[in-house]
Amino acid sequence: MSEQNVLLECVNLKKYFNTPRGVLHAVDDVSFRLEAGKTLGVVGESGCGKSTLGRTILRLLPATEGQIIFNGEDITHLPDKEMLRLRKEMQIVFQDPFSSLDPKMTVSQIIEEPLKIHKLYQDKSARLERVSELMETVGLDDRYVNTYPHELDGGRRQRIGIARAIALNPKFIVCDEPVSALDVSIQAQILNLMMDLKDEFGLTYIFITHDLSVVKHISDNILVLYLGKMVEMTSSDRLFENPLHPYTKALLSAIPIPDISYKGKEAQVMKGEVTSPIDPPEGCRFAARCPLATDKCRSQTPSFVEVEKDHFVACHHAAEQ
């Protein structure tokens with residue numbers, strides 16, 4: 001990967017939360033590079049830190065430690081006024097297309113809002129013309145211009161959120177489970193729309209999801225998180241062809257096969273208690289549920305290393321598989 005093509009780099013990024021029971025390690029020592037025009041899928045169970053990672057990268061949450069380097073600039077501790085400048089280049093599509101939209105604003109007002117905040121158009125008619133253009137881009141009919149979010153279905157609401165995200169011509173968008181709240185048929189439409197927008201505008205995505213079949217469809221590379229820790233990262237094709245971490249294998253085995261005659265391997269059921277992310281002890285956080293776990297796994301935290309070209313894994317037994 002050329003240094004000039006790297007749009008986003010995270011270096012040992014951490015996000016901790018203080019709780020009455022101790023310090024919750026939501027994102028713990030995450031490092032990666034994302035090339036411009038590519039999509040990084042981030043997968044894992046609910047509560048593994050996917051959404052927290054995305055929001056920390058966008059500075060919606062302050063990082064506890066580490067660095068966030070966007071387009072060659074360290075933005076980790078930029079003041080809010082400086083971050084406002086970068087908001088035009090970094091956007092987010094939220095998971096719930098209803099709660100992320102202001103119920104008191106019409107479709108037109110919601111999409112127009114970022115244009116007003118960043119003063120891109122002084123003339124109202126020019127702003128409304130841009131709103132109409134954005135609605136057409138995301139597949140929303142002009143008749144919805146004065147409609148309120150509660151009057152629309154989930155798919156159209158999410159199209160509003162996407163239109164708002166691309167209104168400022170950003171370079172980078174965090175897609176925080178943008179289709180998980182939608183019907184399956186609508187999911188496909190929204191995914192195809194997002195892929196078309198990526199190609200049309202040269203967008204770079206972090207695509208957060210727990211649906212591995214979805215992430216394979218849209219991602220160039222995939223990062224697997226477990227309790228805030230990176231456990232595996234490689235290309236989408238390679239992850240599905242040759243997963244090396246036991247957790248990744250269990251996730252992949254859980255993907256349903258839509259074929260009643262399929263006689264392949266049974267799903268790997270993960271047993272054991274989930275390790276608490278509050279003040280976690282040394283050792284692999286997956287050890288309590290891992291069929292390969294040894295005393296070394298329980299006492300020594302595995303390093304995240306390259307075991308094959310561009311295939312990174314945090315597992316003491318990765319080389320044995």
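Contact here means heavy atoms within 4.5 Å. The structure is a predicted model.

**Exercise 1.** Determine which residues histidine 317 touches, leaving out those up to four places away in sequence, and whether histidine 317 is buried or exposed.

*Solution.*
1. Locate the residue: histidine 317 lies in the segment that follows strand 12 (311-313).
2. List its contacts: Leu292, Thr294 and Cys297.
3. Look for a polar partner: a polar side-chain atom of histidine 317 is 3.1 Å from the backbone oxygen of leucine 292.
4. Check the accessible area: the relative value for histidine 317 is 12%. Buried means under 20%, so histidine 317 is buried.

**Exercise 2.** Describe the extent of helix 5 (residues 154-166), its N-terminal end and its surroundings.

*Solution.*
1. Compare the span with expectation: the 13 residues reach 19 Å from first to last C-alpha, close to the expected 18 Å.
2. Inspect the N-terminal end: aspartate 153 caps helix 5, with a side-chain oxygen 3.3 Å from the backbone nitrogen of glycine 155.
3. Assess burial: eleven of the 13 residues are buried, so helix 5 is largely enclosed by the rest of the structure. Among them are Arg157, Arg159 and Arg164.
4. Identify the packing partners of these buried residues: strand 6 (90-93), helix 3 (107-117), helix 4 (124-137), strand 7 (172-176) and helix 6 (184-201).

**Exercise 3.** Work out how helix 3 is oriented relative to helix 5.

*Solution.*
1. Take the axes: they come within 8 Å and cross at roughly 25°.
2. Classify the angle: angles under 35 degrees count as roughly parallel, so helix 3 is roughly parallel to helix 5.
3. Add the handedness: helix 3 passes helix 5 in a right-handed crossing.
4. Name the residues that meet: Val107, Ile110, Ile111 and Pro114 from helix 3, with Ile160, Ala163 and Arg164 from helix 5.

How values were computed: Residues are numbered from 1 along each chain as its sequence is written. This is a predicted model: local features need pLDDT of at least 70, side-chain atom pairs count only at pLDDT 80 or more; totals for chains, interfaces and linings use all residues. Side-chain values use heavy atoms; hydrogens and water are left out. Helices (H or I, at least four residues) and strands (E, at least two) are DSSP runs, numbered from the N terminus. The expected span of a helix is 1.5 Å times one less than its number of residues. Buried means under 20% relative accessible area, exposed over 50%, partly exposed in between (1.4 Å probe, protein chains only). A polar contact is a pair of N or O atoms within 3.5 Å; within protein, one must be able to donate a hydrogen and the other to accept it, and residues adjacent in sequence count only if both atoms are side-chain atoms. Axes are lines fitted to C-alpha atoms, for helices over the stretch in contact, and angles run from 0 to 180 degrees between N-to-C directions. Angles under 35 degrees count as roughly parallel, over 145 as roughly antiparallel, 65 to 115 as roughly perpendicular and the rest as oblique. A crossing is left-handed if the near helix is turned anticlockwise from the far one by less than a right angle, and right-handed if clockwise.
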